[in-house]
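Q: Could you take me on a close look at one part of this model, the stretch where its strands pair up? I'd enjoy a connected walk through it, with a word on a pocket afterwards.

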Amino acid sequence: MNARTLGRALRTIRHLRARQAWAQLRYQLAPGVVPRSLPQSATPDLAVRETPTPFLPAPPHADFDGSLRLRLLHREVRFAERIDWDWAAEGPLWAYHL
């Protein structure tokens with residue numbers, strides 16, 4: 001480990017808790033060892049049931065009537081069964097706004 005690498009490690013460790021710093025040090029000393037993953041029971045649950053604020057209204061260049069007709073950038077597309085989020089027939093700018 002040279003001075004440059006040591007300096008970077010110290011700047012990184014400065015912001016970590018002791019347990020995190022120890023794990024970083026252990027990982028640096030044994031690079032072939034893969035950090036263990038969390039047990040399946042430790043997976044967090046989503047705590048949000050609804051958005052904290054309502055969605056913004058559509059911008060002036062977009063219009064959706066609820067019946068699978070979508071108008072973006074003055075180009076209208078009617079979808080057969082559902083909105084195709086990978087639609088590219090109208091070009092990349094239209095797909096970007098989709």
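A: Happy to; here is a walk along the paired strands, followed by a visit to a pocket. Please keep in mind that this is a predicted model.

Let's begin with β1, which covers residues 62-64, and β2, which covers residues 69-72. These two strands run antiparallel and are joined by 3 bridges. Across this pairing, alanine 62 faces leucine 72 of β2. The hairpin that β1 and β2 make has 4 residues between the strands, and there glycine 66 adopts a positive phi near 90°.

Strand β2 also has a partner in β3, residues 75-78. Here again the sense is antiparallel, with 4 bridges linking β2 and β3. One pair to look for is arginine 71, which sits opposite glutamate 76 in β3. The hairpin of β2 and β3 has 2 residues between its strands, and leucine 73 in that turn shows a positive phi of about 55°.

Now for the pocket, the second largest one, which holds about 210 Å³ of space. Its lining is made of 11 residues, and those nearest the centre are Thr5, Ala9, Leu10, Ile13 and Gln28. Two helices, α1 (3-13) and α2 (18-29), each give at least two residues to this lining. Of these, α1 provides the largest share, with 7 residues. By residue type, the lining of this pocket splits into 6 nonpolar, 4 polar and 1 charged.

Key. Residues are numbered from 1 along each chain as its sequence is written. This is a predicted model: local features need pLDDT of at least 70, side-chain atom pairs count only at pLDDT 80 or more; totals for chains, interfaces and linings use all residues. Side-chain values use heavy atoms; hydrogens and water are left out. On a 1 Å grid over the protein atoms alone, a cavity is a set of points where a 1.4 Å probe fits but cannot get out, and a pocket is an open set with protein on both sides within 12 Å along at least five of seven lines; lining residues have an atom within 4 Å of a point. Grid points are joined across faces, edges and corners, and a volume is the space filled by probe spheres set on the points. Ala, Val, Leu, Ile, Met, Phe, Trp, Tyr, Cys and Pro count as nonpolar, Asp, Glu, Lys and Arg as charged, and the others, Gly among them, as polar. Two strands pair if DSSP finds at least two bridges between them.
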